[in-house]
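Let's take a walk through this structure together, from its strands to its cysteines and its inner spaces. Have the model open beside you as you read.

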Amino acid sequence: MAWRPLLDGELADSARMIARELALDLAEQPGSPIDRTIFWAYASNAFDEPFAVTALDTAIAELVAHLTRGPAHAMLFNDGLCGVGWALAHVVEGDSEELLATIDAAMLRRLAVASWLGDFDLSQGLTGYAVYFLERARSGVPGVQRVVRDGLARIVAHLEATACRTADGVYWHTGPELLPEDLRRRYPQGRDDFGLAHGLAGVIAVLSRIAALADPPAGANALAAEATRYLIAQRHGPTEIGSRFPALLAPGVPYEPARAAWCYGDLGIAFALWTTAPDLARETALDCASRPLAHGQITDCALCHGSGGLGHLYNRLGQASGDERLVDAARRWFELTLLADRATLLKTGRGLVDGSAGAALALIAATSSTEPSWDRLMVCDLPVTVGQR
């Protein structure tokens, strides 16, 4: 099925106008070469104007220069090597194969260790590395599928080896040595994260995508099922902000519920469970959609935990399910985004996940018939399964 514009009439006109204003601002500002490349790949189609085409060419050149200098780390986010590779694979396609082969080799070397001691999550660790290899899996270049399967097999093996096993299923613990100093003081014994960006939900979302490949590595499906079982065991009655799943758990620390957002909370968890526990995923999404807007504790428009992100997430859920309650929720959050002043739109900067670039992409997706495949980076790419409403 084809992606469908969510907004029409004056709302669509306003969304396009604001997205263009944000794009003009982004064209004049420095920023992450990864974020800029992904943003302009879509914005240059939405705004077929010289400034956008030039900005895309410049962003790709900056991305290649960043790779040549050598990213400081391998993360999917924060200008890491996997993020560079994802952007090249997603935007430049076959023309970047030589560069991508270099990244492939570097990531396989990084994963070729007997015991994994690093992060496991989407933002910084193994799960994010898998998102890079999943994007590479779309390549038709001979030999790439073997590399992809090798990389994903190593990731699944490391996840299996580092999983904490309980009667309720499996999860992954973030030890204090992996936390920045301020969080280490708060969580001296480490913590268990449950969100999409840094925790268990992200692992489930990625494992389910790995398991869906034509020739998946052994263990991916079983591990996804066991992790899902553990996540479901943490569900309880709604808190004062409606949250049924925790943000995180740590010894000696009071229970921390989470607002509904991409990074943490029930909405991101609904995406994670979409394949492994579809009925609960839909129930969770609808529960989130029924909550008062104030429960979202929204102060900006970013994809991560802002109004633009919530609009996009509900748009994805609505297009995947056909449920008008989710479609209506998407419109409500986009209406709120369109009421934001410039200071709010730029409050968190100009990044993709946490700034105005992502908010603009969400607005473009809400007014376009082009599927926003950029959200594969955030493992929010639910399939469009319903026809025209």
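## A small tour

In this predicted model, three strands make up an open sheet, ordered S3-S4-S5, with antiparallel pairing. Strand S3 (192-193) and strand S5 (256-257) are the edge strands, each pairing on one side only. Strand S4 (residues 246-249) pairs with S5 in the antiparallel sense over two bridges; in S5, Pro 257 is the bridge partner of Pro 246.

Next, the cysteines. The count of disulfides is zero. Cys 263 is in no disulfide, and its nearest cysteine sulfur, that of Cys 304, is 3.5 Å away, whereas a disulfide needs the two sulfur atoms within 2.5 Å. What about Cys 301? Its closest cysteine sulfur is in Cys 304, 13 Å away, so the distance is too far for a bond. The table sets out two of the cysteines.

| Cysteine | Nearest cysteine sulfur | Relative accessible area |
|---|---|---|
| Cys 263 | Cys 304, 3.5 Å | 10%, buried |
| Cys 301 | Cys 304, 13 Å | 3%, buried |

Now for the empty space inside. The model holds three cavities of 30 Å³ or more, and the largest cavity has about 120 Å³ of space. Which residues come closest to its centre? Of the 14 that line the largest cavity, they are Cys 288, Arg 291, Pro 292, Tyr 314 and Trp 333. Helix H12 (278-289), helix H13 (307-321) and helix H14 (324-338) are the elements that each give two or more residues to this lining. By class, the lining of the largest cavity has nine nonpolar, two polar and three charged residues.

Terms used:
Residues numbered from 1 in each chain as written. Predicted model: local features only at pLDDT ≥ 70, side-chain atom pairs only at ≥ 80, totals over all residues. Heavy atoms only, no water. Pairing = 2+ DSSP bridges. Helix = DSSP H or I, 4+ residues; strand = E, 2+ residues; numbered from the N terminus. Buried < 20%, exposed > 50% of the residue type's maximum accessible area, 1.4 Å probe, protein only. 1 Å grid on protein atoms, 1.4 Å probe; cavity = no way out; pocket = protein on both sides within 12 Å on 5 of 7 lines; lining within 4 Å. Points joined across faces, edges and corners; volume = space filled by probe spheres on them. Nonpolar A, V, L, I, M, F, W, Y, C, P; charged D, E, K, R; others polar.
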